[in-house]
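Please read the following report alongside the sequence and the model. It takes up a few topics in turn, from a single bond to the whole fold of a chain.

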Amino acid sequence: MTEKSLLSDAVSDRRFLPGRRDLLLAAASIAAMQLPLLRSAQAQLRLDVTQGTIQPVPIALPDFVGGTPADSNVARNVTQIITSNLRRSGLFNPIDPAAYIEKIVNIDAVPKFPDWRAINAQGLVTGRITKQSDGRLKAEFRLWDVFAGNQLAGQQYFTTAENWRRIAHIISDAIYERLTGEKGYFDTRIVFVDETGPKERRVKRLALMDQDGANVRYLTRGDDLVLTPRFSPSTQEITYMSYGQGDPRVYLLNVETGQREIVGNFPGMTFSPRFSPDGQRVVMSLQQGGNSNIFAMDLRSRSTMRLTDTAAIDTAPSFSPDGARICFESDRGGRPQIYVMAASGGGAQRISFGEGSYSTPVWSPRGDYIAYTRQHAGKFGIGVMKPDGSGERILVEGFHNEGPTWAPNGRVIMFFRDSGGKGGPSLYTIDITGRNEQKVPTPSFASDPAWSPLLS
Amino acid sequence: MIAVIRGLRGIQIAAVLAGALTLAACASNPTAQNGGAGMAGAATPGSAQDFVVNVGDRIFFETDSTQLTPQAVATLEKQAQWLQRYNRYTFTIEGHADERGTREYNIALGARRAQAAQDFLISRGIDRSRMRTISYGKERPVAVCDDISCWSQNRRAVTVLNASS
């Protein structure tokens, strides 16, 4: 991967680099400019993402300036990606550039705020991309509160030229975080199952892409049936289920090296894997006769531990973000329902009591909700409930919606939807408020998405 | 099914293809393709196509169920008799689910269905060492449409004779 070769000068920003193993990007704050205006007493521009309904904030994103004329193409493309990210979040309403009055030619000059107020922009993003003599890109941006007339954020980054899309995602995250107080989710990837061919003989391949659908990369060739890929916390590894010779098994795949290995030496089919939050363990189902039980394997010591022991189907385990508990589905009570147990196994408590069946529970990275698939009255919906089972809400329901996965900030859920018949599934996102459903572009049919943590 | 058809020759192709078409058309009666009386004479006794056409290689399940229906028991009885008689065959029991379930659960459900068929055959004296099971969950439907006529065809356990045996 290119990120590893990035240089690491000018590391002074505290928000992008703390505690990261891999130094992905060099970032630095741009000093706030001395403004001719006194800071207004008006409340600062700020979004509350916890509200059920929200008016998208009008924001202006004039094309970033090219540091040299040759840079203006990349600068424009970066602007478009930021604009698209902010629009898709549902929290921002980018204003049509045709309405802009001031043309930004120098991002080091204070914008003419009256020109931006006149078109009702509340936020303004200006930026500049400059190719350095060593070939790297320097990206700078400033976020302005138009009504208060002050700068809310200013950052610069250095990266290799082929990383220009990531720069756009990182700037998008910086804007999102500054205005909402929440971490963003744009500098992330999705691993999913790419599906081609007729339904009776579907060819399934593991694929990796940026969260906006760009940079699709295939990780397997389609010879073996592959299902349910999940990221490790470092995003360098994927665990998934694959058919091949013999029993279907849970595998690990290093996406950097392409190295692949079977997880454990279990006497039967293993499936439905997921990493622990510290990346040290993989939890999965083992088929034993007619029953499926949940096991964990420590990746360093290779020791395995049985976590459930029932004459039932126990599957789809998912850790709480602190690693202390596991939610999973079980039909031990008849129909599939969601249970929570300690990460060491033992007694489990049922938390789903609504109508229908509940499956594929996934714990939010924030810890506050568990997302799931609910099957009820011939429909498949995606919902959330608190880990104690309270506060259940169905976000989307229809013929077939399945397999939720969380954005790293716990505000957005991705899932797949199948319209039935000879067609195939597609990926969608929806906010946990139940608003802002968006289709995610993929080259073919797509299913089993898993959202990575933030890359930087 | 496809693998079986591929290996057939001459007039026997017509017989088995007729069975396949019944499947593709989402027959309302799940037992319709279990042989089909008119085709009985076509296959060589003891051949793989004899098993598919005259015995019936698959059983069907109710929604979200792993219980053997009376028809399933009848088919498995015939399978057991045939497998006793032609004991050179090893075979794989494939368990499948319809698309009206989630991926992970359906993998386990398919495994349970294959296990139910295996348990029955073992109870009728077939040696466990001749068989293995595999679950495909909802990954390999034989009938594709968005209503129950197809789903009922896909909730199945298929006994596939190993070609090399």
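In this predicted model, the torsion about the S-S bond of Cys145(B) and Cys150(B) is about 125 degrees, so the disulfide is right-handed. The sulfur atoms of Cys145(B) and Cys150(B) lie 2.1 Å apart, and a search of the whole structure finds 1 disulfide over all chains. Both partners of this bond count as buried, Cys145(B) at 16% relative accessibility and Cys150(B) at 0%. The table sets these values beside that of a cysteine in chain A, Cys327(A).

| Residue | Relative accessibility | Class |
|---|---|---|
| Cys145(B) | 16% | buried |
| Cys150(B) | 0% | buried |
| Cys327(A) | 0% | buried |

Turning to internal space, the search of the whole structure finds 6 cavities of 30 Å³ or more, and the largest cavity holds about 250 Å³. This largest cavity is lined by 18 residues, and those closest to its centre are Lys199(A) and Asp418(A) together with Glu99(B), Arg103(B) and Lys138(B). Its lining is made up of 11 charged, 5 nonpolar and 2 polar residues.

Chain A contains 31 strands and 3 helices, and of its 456 residues 59% count as buried. Where contacts in chain A join residues at least 6 apart in sequence, 47% of them link residues at least 24 apart. The accessible surface of chain A amounts to about 17,600 Å², with 47% of that area belonging to carbon and sulfur atoms.

Methods
Residues are numbered from 1 along each chain as its sequence is written. Chains are lettered from A and ligands numbered from 1 in the order in which they are written. This is a predicted model: local features need pLDDT of at least 70, side-chain atom pairs count only at pLDDT 80 or more; totals for chains, interfaces and linings use all residues. Side-chain values use heavy atoms; hydrogens and water are left out. On a 1 Å grid over the protein atoms alone, a cavity is a set of points where a 1.4 Å probe fits but cannot get out, and a pocket is an open set with protein on both sides within 12 Å along at least five of seven lines; lining residues have an atom within 4 Å of a point. Grid points are joined across faces, edges and corners, and a volume is the space filled by probe spheres set on the points. Ala, Val, Leu, Ile, Met, Phe, Trp, Tyr, Cys and Pro count as nonpolar, Asp, Glu, Lys and Arg as charged, and the others, Gly among them, as polar. Helices (H or I, at least four residues) and strands (E, at least two) are DSSP runs, numbered from the N terminus. Buried means under 20% relative accessible area, exposed over 50%, partly exposed in between (1.4 Å probe, protein chains only). Contact means heavy atoms within 4.5 Å. Accessible areas come from the Shrake-Rupley method with a 1.4 Å probe; for residues, only the protein chains shown count as cover. A disulfide is a pair of cysteine sulfur atoms within 2.5 Å.
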